[in-house]
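The following exercises concern the structure shown below. Each task is followed by a worked solution.

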Amino acid sequence: MSLTKEEDVQKMLVCKTHLGTRNCNHQMKRYVFRRTADGIHIIHLGKTWEKVMVAARAIVTIENPMDVIVASQRPYGSRAVLKFSQYTGTHPMAGRWMPGTLTNQITTKFLEPRLMIVTDPRTDSQAVKEASYASIPVVALVDTDSPLQNIDIAIPANNKGKESIALLYWLLAREVLYLRGTLSRGMEWEVMVDSFFWRDPEEIMRQDEEQQEEFQGETWAAQKPAQQDDWNAPAATESWADASAGAGDGSWDAPGAAAGEDWAAPAAGQGQQW
């Protein structure tokens, strides 16, 4: 377990999970390791890893995975939420939270979950408030400036970076699969963290266009040598010379003489009539 913890902490450092904000909530001081000269609070990654393990154990206790809602109104967390739900079987709610989902029984999308996971307590404040009304425990990714009201399990981390959010959901999904027995502790999860990263749709379209341009350039480069061989064929000059010589010798002289005789006769006849 210690080796796994060290590797996970190194991944958190790479994804900048330890970087907080300049502001710090008084309830988050217990998770702050130190403060830099620029005023940015550094999060204690050891406590972050421990809280991820606690949250995974809470998720595993729910018998039906669909009774766990994973919500994220932040765009950077939408892809991570969908991927987490794909591998763990939970209910994803990426994007705008519909007010009354947990409190208004008349709506068609009314849900009664047993656990809720949110990406940011401030952005997902409506979901956290409705969960408190329905007495639903909440697991949240909290930054140094996040409010902890109505939060039951707080995972201290950088919840504003797309790499950090993706890594935390990846660690949470992997630990859930370990605890369920789907994966063995001695085996590494074949799913890469990159699949949880949020990708800009414009960037994806730009990459597709570049790949199409490169493919077209390769096809044109492959066709160019064949075209040069056709144009440089020496047989074309010989055929043109032969054709021009043959036309000048016989075919042009004979019609010319005949045409001169035909034009001379009508001209004489017309002169006599006038």
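**Exercise 1.** Locate Ser135 among the secondary-structure elements, and classify its accessibility.

*Solution.* Step 1: Ser135 is placed in the loop between helix 4 and strand 6; helices (H or I, at least four residues) and strands (E, at least two) are DSSP runs, numbered from the N terminus. Step 2: the classes are buried (under 20% relative accessible area), exposed (over 50%) and partly exposed (in between), with a 1.4 Å probe and protein chains only. Step 3: Ser135 counts as exposed because its relative accessibility is 65%. Step 4: the C-alpha atoms of Ser135 and Arg114 are 8.9 Å apart in space, and the two residues are 21 apart in sequence.

The model is predicted: local features need pLDDT of at least 70, side-chain atom pairs count only at pLDDT 80 or more, and totals for chains, interfaces and linings use all residues. Residues are numbered from 1 along each chain as its sequence is written, and side-chain values use heavy atoms, with hydrogens and water left out.

**Exercise 2.** State how many salt bridges the whole structure contains, and determine which parts Asp8 and Arg174 tie together.

*Solution.* Step 1: a salt bridge is a side-chain nitrogen of Lys or Arg within 4 Å of a carboxyl oxygen of Asp or Glu. Step 2: a search of the whole structure yields six salt bridges. Step 3: one of them pairs Asp8 with Arg174, whose closest N and O atoms are 2.7 Å apart. Step 4: because Asp8 belongs to helix 1 and Arg174 to helix 5, the pair ties together parts that are 166 residues apart in sequence. Step 5: both Asp8 and Arg174 are buried.

**Exercise 3.** Describe the salt bridge between Asp120 and Arg74, with the places of the two residues.

*Solution.* Step 1: the N to O distance in the salt bridge of Asp120 and Arg74 is 2.4 Å. Step 2: Asp120 lies in the loop between strand 5 and helix 4 (125-133), and Arg74 in the loop between strand 3 (68-72) and helix 3 (78-88), so the pair ties together parts that are 46 residues apart in sequence. Step 3: Asp120 and Arg74 are both buried.

**Exercise 4.** Which residues share a salt-bridge network with Lys160, and is Lys160 itself buried or partly exposed?

*Solution.* Step 1: Asp143 forms a salt bridge with Lys160, with 3.2 Å between the closest N and O atoms. Step 2: Asp143 is in the loop between strand 6 and strand 7, while Lys160 is in the loop between strand 7 and helix 5, so this pair ties together parts that are 17 residues apart in sequence. Step 3: Asp143 is buried, at a relative accessible area of 0%, whereas Lys160 is partly exposed, at 33%. Step 4: salt bridges with shared partners join Asp143, Asp145 and Lys160 into one network.

**Exercise 5.** Compare the span of helix 5 with its expected span, and explain why helix 5 is described as largely enclosed.

*Solution.* Step 1: helix 5 (residues 162-180) has 19 residues. Step 2: the expected span of a helix is 1.5 Å times one less than its number of residues. Step 3: from its first C-alpha to its last, helix 5 reaches 27 Å, close to the expected 27 Å. Step 4: of the 19 residues of helix 5, 15 are buried, so the helix is largely enclosed by the rest of the structure. Step 5: just after helix 5, Gly181 adopts a positive phi of about 90 degrees.

**Exercise 6.** Which non-glycine residues, Lys16 and Asn150 being the candidates, take a positive phi, and where do they lie?

*Solution.* Step 1: Lys16 is not a glycine, yet its phi is positive, at about 60 degrees. Step 2: Lys16 sits in the loop between helix 1 (2-14) and strand 1 (32-35). Step 3: Asn150, also not a glycine, has a positive phi of about 65 degrees. Step 4: Asn150 is in the loop between strand 6 (138-142) and strand 7 (153-156). Step 5: Asn150 counts as partly exposed because its relative accessibility is 46%.

**Exercise 7.** Place Ile42 and classify its accessibility.

*Solution.* Step 1: strand 2 (residues 41-43) contains Ile42. Step 2: Ile42 counts as buried, because its relative accessibility is 12%. Step 3: the C-alpha atoms of Ile42 and His18 are separated by 5.5 Å, and the residues are 24 apart along the chain.
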